[in-house]
Amino acid sequence: MRRVEIVCSGNICRSPTGEVVLRAKLAAAGIDDVVVSSSGTGGWHVGDPMDPRAAAALRRRGYDGSAHRARQFDPRWFGERDLVLAMDSGHLAELSRRGDTVQLFAADDVPDPYYGEDDGFDEVLAQIEKAADQWVDRLRP
């Protein structure tokens, strides 16, 4: 099994959205040898469910994020993950200081919708879906 970790700040918006979407797209493509999980660089939301606005955006597009509970990234996971994907360049820089090679999830930073309007969650979801399609192509056996 290959393991992919998607990382944002608090693990309640962007990275769990990326986890849910990438997992669903891999399953739809018949790729069953990839385990996708997510976490945050900070621990202030550990144990919390996904932000309700992110969960609602996912539901509107046919995804289910209800099982998510936030976790903090543990640097020891670098040795256990085949791929660590950062949601923005700040996460990329922070994770790169901690350890292994990290890549951006999307071609551009995925903006944090947390402090914005509700439609920002739909815009972020669209960006994540597009990037997830590209990761599905890259993760094909």
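In what pattern do strands and helices follow one another when the protein is read along the sequence?

**View 1. Overall fold of the predicted model.** Read from the beginning of the sequence, the protein follows the pattern β-α-β-α-β-α-β-α, and the elements number 4 helices and 4 strands. The radius of gyration is 14 Å, close to the 14 Å that the globule rule gives for 141 residues, so the protein is as compact as a globular protein of that length. Along its principal axes, the C-alpha trace spans about 35 × 35 × 25 Å.

**View 2. Burial, contacts and surface of the whole protein.** Of the 141 residues, 50% count as buried. Among the contacts with a separation of 6 or more, 70% are accounted for by residues 24 or more positions apart. The accessible surface comes to about 6900 Å², and carbon and sulfur atoms make up 48% of that surface. The protein carries 18 positive and 24 negative side chains, and the centres of these two sets lie 3 Å apart.

**View 3. Threonine 17 in helix 1.** Threonine 17 has its place in helix 1, which covers residues 14-28. With a relative accessible area of 5%, threonine 17 falls under the 20% cut-off and is therefore counted as buried. Leaving aside its neighbours within four places in sequence, threonine 17 is in contact with Met50, Ala54, Leu58, Leu125 and Ile128. One of these partners, leucine 125, lies 108 residues away along the chain, yet the C-alpha atoms of threonine 17 and leucine 125 are separated by 7.0 Å.

**View 4. The polar contact of the threonine 17 side chain.** This close-up concerns the side chain of threonine 17, which reaches the backbone oxygen of cysteine 13 at 2.6 Å. Threonine 17 itself belongs to helix 1 (residues 14-28).

**View 5. Threonine 41 in the loop between strand 2 and helix 2.** Threonine 41 lies in the loop that runs between strand 2 (34-40) and helix 2 (52-60). The relative accessible area of threonine 41 is 9%, and because buried means under 20%, this loop residue counts as buried. Not counting residues up to four places away in sequence, threonine 41 touches Val7, Cys8, Ser9, Gln72, His91, Glu94, Leu95 and Arg98.

How values were computed: Residues numbered from 1 in each chain as written. Predicted model: local features only at pLDDT ≥ 70, side-chain atom pairs only at ≥ 80, totals over all residues. Heavy atoms only, no water. Helix = DSSP H or I, 4+ residues; strand = E, 2+ residues; numbered from the N terminus. Rg over C-alpha atoms; globule rule 2.2 N^0.38 Å. Buried < 20%, exposed > 50% of the residue type's maximum accessible area, 1.4 Å probe, protein only. Contact = heavy atoms within 4.5 Å. Areas by Shrake-Rupley, 256 points an atom, 1.4 Å probe, with all protein chains shown as cover. Lys, Arg positive; Asp, Glu negative; His and termini not counted. Charge placed at Lys NZ, Arg CZ, Asp CG, Glu CD. Polar contact = N/O pair within 3.5 Å; in protein donor to acceptor, adjacent residues only side chain to side chain.
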